[in-house]
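Let's walk through this model together, starting with its pocket and moving on to its aromatic rings.

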Amino acid sequence: LGKCSWCLGVGVEQSSSGIDLSQLEYLKSIVQEFPKVHKRETPAAPYEKFSDIDSQMADGTIFRQTCGKLRYLAVTRPDIEYALNFCARFQCNPQQQHYEALLKIVGYLKKHQERKLVLRPSKQVGEADLLRLSGYADSSYADDVATRRTTVGYVCFVNDLAVSWKSKLSPNVVQSVAHGEYIAINECALE
């Protein structure tokens, strides 16, 4: 059959240096649905917070459809995961500000269409360094305006290759920045 070049809507480019995965055609179809969206450098504004005051509702069906399309695209574009998960919290009751945040992700994708998920083998290492585990964790203090909960996240590596990552709201309100950092480190260690 030969090398795989296309699987479930994902383009696969195989070479001796590794594998590149992309969904360029799917991405272009999403971007074409929103011709008025401007290109952006980032998928979300840093430290973006939503207020509870905005009462102008967005079309829930379009909001959920767009979230779903971007969710499938995130398989090969982990750079949009955090911003997309943040928007997806509001699928039950989307307001205009949430929809605009979703369009910012589309604007980011519009500017950076050619990016791919690149899978490369780790560099050759000696026997003593065969399985080197490392992890990084971080948290933000009470960044959810409505609940005052903290976002915690981590990424775990095996020989410089990311094998696991997660970002989520802490289940409880933390008492301090240090407490939030401890929760993030604990989540990383459990993984």
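Which residues lie nearest the centre of the largest pocket? They are Y82, S140, D143, T151 and S167, out of 30 that line it. A pocket here is an open set of points on a 1 Å grid over the protein atoms alone, where a 1.4 Å probe fits, with protein on both sides within 12 Å along at least five of seven lines; lining residues have an atom within 4 Å of a point.

Keep in mind that this is a predicted model, in which local features need pLDDT of at least 70 and side-chain atom pairs count only at pLDDT 80 or more, while totals for chains, interfaces and linings use all residues. Residues are numbered from 1 along each chain as its sequence is written, and side-chain values use heavy atoms, without hydrogens and water.

Helix α3 gives the largest share of the lining, six residues (helices are DSSP runs of H or I, at least four residues; strands are E runs of at least two, numbered from the N terminus).

Now to the rings: the whole structure holds four aromatic pairs (Phe, Tyr or Trp rings, the last by its six-membered ring, with centres within 6.5 Å; planes under 30 degrees apart are stacked, over 60 edge-to-face, the rest tilted). Y82 and F86 are stacked, at 6.4 Å centre to centre and 20 degrees between the planes. Because they are four residues apart in helix α3, about one helical turn separates them. Y82 is partly exposed at 40% relative accessibility, whereas F86 is buried at 13% (buried is under 20% relative accessible area, exposed over 50%, partly exposed in between, with a 1.4 Å probe and protein chains only). Ring pairs also link Y82, F86 and F90 into a cluster.
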